Amino acid sequence: MSEALKDSLQALIDQGLTFSDCMATFTANQSEAEKAYIAAAREFHEREGDLEFDDHVMVSMGNDDGAYVLAWKWVEDTDAGVCSECKAPVCDPEDGECPECGEEESQ
Ligand SMILES: [Zn+2]
């Protein structure tokens, strides 16, 4: 991405552009095949609270027998080593206490 494009995008973000706006725009003219992959992703792979698909999702068509469908994967604080109280990245979550807020880490 060129610096001019980055500057233009940042200006739009400053004016209120969201990631969802971008997704809606990028997916406005999806093919029937892309829509079929999204429908199949929802039907066979969506698990509420674990793996979810937005209303407008990108599809990456490849040369193999399938396509990638953009999803949201839930990750627990404990898996990421992030403090559940203040969301600070904690170097060693098994250390017992968040260095930022002092919250006891529960395992
Ligand atoms: Zn904390």
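This tour moves through a predicted model, selection by selection.

**Domains.** Begin by colouring residues 3-74 as domain 1 and residues 76-107 as domain 2, the two parts into which the protein is divided. Taken over C-alpha atoms, the centres of domain 1 and domain 2 lie 31 Å apart.

**Helix α1.** Next, select residues 3-14, which form helix α1. How far apart are the end C-alpha atoms of α1? The separation is 16 Å, and it agrees with the expected span of 16 Å because the helix has 12 residues at 1.5 Å a residue. Colour the selection by burial: the count of buried residues among the 12 residues of α1 is 0, so by the criterion of 20 or more other C-beta atoms within 10 Å this helix is hardly covered. Then move to G16, which follows α1 and has a positive phi, near 115°.

**Helix α3.** Select residues 32-45 to display helix α3. Its 14 residues, at 1.5 Å each, should span 20 Å; the end C-alpha atoms of α3 are 19 Å apart, in agreement with that expectation. Helix α3 is likewise hardly covered, with a buried count of 1 among its 14 residues.

**Residue K87.** Finally, centre the view on K87, in the segment after α4 (77-80). What is the sign of phi at K87? The value is positive, near 65°, in a residue other than glycine. Most residues other than glycine have a negative phi. Is K87 buried or partly exposed? K87 is partly exposed, because 13 other C-beta atoms lie within 10 Å, a count between the limits of 12 or fewer for exposed and 20 or more for buried.

Notes. Residues numbered from 1 in each chain as written. Predicted model: local features only at pLDDT ≥ 70, side-chain atom pairs only at ≥ 80, totals over all residues. Domains from an automatic or database assignment. Helix = DSSP H or I, 4+ residues; strand = E, 2+ residues; numbered from the N terminus. Expected span 1.5 Å × (residues − 1).
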